[in-house]
Amino acid sequence: MTLQERTERVWELSSAAVAPLGLEVPDVVITPAGKRSVVRVLVEPALPVDDAGDTVVEPITLDQVAEATDLVSTGIDADDPFGEQPYTLEVSSPGVDRPLTSLEHFRRAVGRRVEFRPLEGEPFTERITRVAEEQIVLEDGRALSLAEAGTGQVQVEFRR
């Protein structure tokens, strides 16, 4: 099995394992480390299906990460995509340092302050109130397309 096939298989197994928890897997990275592999599985809450794009998506909790780790580990062990090769499993969330580069990323940041780095103009910080119909709507009333928004970075707030 190639590295790409193994990565795809781990993604399938992980996605199926965490779906009952209301989580999804945005990324799986497998890195060779000597005789073993390090398997990094990122998990995050699934986006609401039928809403206006303004529902706040709560961050994943440590308890959810622990439960996801158990389920992913069980799924991988049952399918055995690594055969006899040892591996280390790491399950975590993408974290607030993940750059926001897609509408889905910005959708997950609804209700949060985000530093925008547009392709044209100066960076600015504003709270996202809604992401719908290919538009990122800000608290000040502006609506930006993904191209206008550029990239973003969630700003950590200790108090709102």
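Colleague: I would like to start with the turn in the hairpin. How many residues lie between E1 and E2, and which residue in the turn has a positive phi?

Modeller: Two residues separate E1 and E2 in this hairpin, and Gly34 in the turn has a positive phi of about 70°. Please keep in mind that the model is predicted.

Colleague: How do strands of a sheet pair, in general?

Modeller: They pair through backbone hydrogen bonds, and the pairing can be parallel or antiparallel. Now for the case here: E1 and E2 run antiparallel and are joined by nine bridges. Within that pair, Val29 has Arg40 of E2 opposite it, while Glu24 faces Glu44, also in E2.

Colleague: And E2 with E3, do they run parallel or antiparallel?

Modeller: Parallel: six bridges link strand E2, residues 36–45, to strand E3, residues 87–92. One position to look for is Ser37, whose bridge partner in E3 is Tyr87.

Colleague: In what order do the three strands form the sheet?

Modeller: The order is E1-E2-E3, in an open sheet with mixed pairing. E1 (23–33) and E3 stand at the edges with a single partner strand each, so each has one side without a neighbour in the sheet. On average, neighbouring strands are turned by 15° against each other, with direction ignored.

Colleague: Which helices pack on the sheet, and which strands do they touch?

Modeller: Take H1, residues 3–18, to begin: this helix packs on the sheet and touches E1 and E2, with its direction at about 145° to that of E1. H2 packs on the sheet too, touching E1, E2 and E3, and its direction makes about 145° with that of E3. H2 has another role in the layout: with E2 before it and E3 after it, this helix (residues 62–79) makes a right-handed β-α-β unit.

Colleague: How can I check the span of H1 against its number of residues?

Modeller: Count 1.5 Å a residue: the 16 residues of H1 should then span 22 Å, and the end C-alpha atoms are 22 Å apart, which agrees.

Colleague: Which residues of H1 are buried, and what covers them?

Modeller: The buried residues of H1 are Arg6, Thr7, Val10, Leu13, Ser14, Ser15, Ala17 and Val18. Their cover includes E1, E2 and H2.

Colleague: Back to phi for a moment. Where else is phi positive, in a residue other than glycine?

Modeller: Asp80 is one such residue, with phi near 60°, and Glu133 is another, with phi near 55°. Asp80 is in the loop between H2 and E3. Glu133 belongs to the loop between E5 (124–132) and E6 (135–138).

Colleague: Are Asp80 and Glu133 buried or exposed?

Modeller: Here the cut-offs help: under 20% relative accessible area is buried, over 50% is exposed, and partly exposed is in between. Asp80, at 44%, therefore counts as partly exposed, whereas Glu133, at 74%, counts as exposed.

Colleague: Let me try the loop between H2 and E3 again. What does Gln85 touch there?

Modeller: Leaving aside residues up to four places away in sequence, Gln85 touches Arg6, Lys35, Arg36 and Ser37. Lys35 shows how sequence and space can be read side by side: Gln85 and Lys35 are 50 residues apart in sequence, and their C-alpha atoms are 7.3 Å apart in space. With a relative accessible area of 26%, Gln85 is partly exposed. Two of these contacts bring back residues from earlier turns: Arg6 is among the buried residues of H1, and Ser37 is the bridge partner of Tyr87.

Colleague: Finally, the whole chain. How many helices and strands are there, and in what pattern?

Modeller: The protein chain has four helices and eight strands. Along the sequence they follow the pattern α-β-β-α-β-α-β-β-β-β-α-β. The C-alpha atoms fill a box of roughly 55 × 30 × 30 Å along the principal axes.

Colleague: What share of the chain is buried, and what share of contacts joins residues at least 24 apart?

Modeller: Of the 160 residues, 36% count as buried. For contacts between residues at least 6 apart in sequence, 56% join residues at least 24 apart. The accessible surface comes to about 9300 Å², with 52% of that area belonging to carbon and sulfur atoms.

Conventions. Residues are numbered from 1 along each chain as its sequence is written. This is a predicted model: local features need pLDDT of at least 70, side-chain atom pairs count only at pLDDT 80 or more; totals for chains, interfaces and linings use all residues. Side-chain values use heavy atoms; hydrogens and water are left out. Two strands pair if DSSP finds at least two bridges between them. A crossover is right-handed if, with the strands pointing away from the viewer, the path from the first strand over the helix to the second runs clockwise. Axes are lines fitted to C-alpha atoms, for helices over the stretch in contact, and angles run from 0 to 180 degrees between N-to-C directions. Contact means heavy atoms within 4.5 Å. The expected span of a helix is 1.5 Å times one less than its number of residues. Buried means under 20% relative accessible area, exposed over 50%, partly exposed in between (1.4 Å probe, protein chains only). Accessible areas come from the Shrake-Rupley method with a 1.4 Å probe; for residues, only the protein chains shown count as cover.
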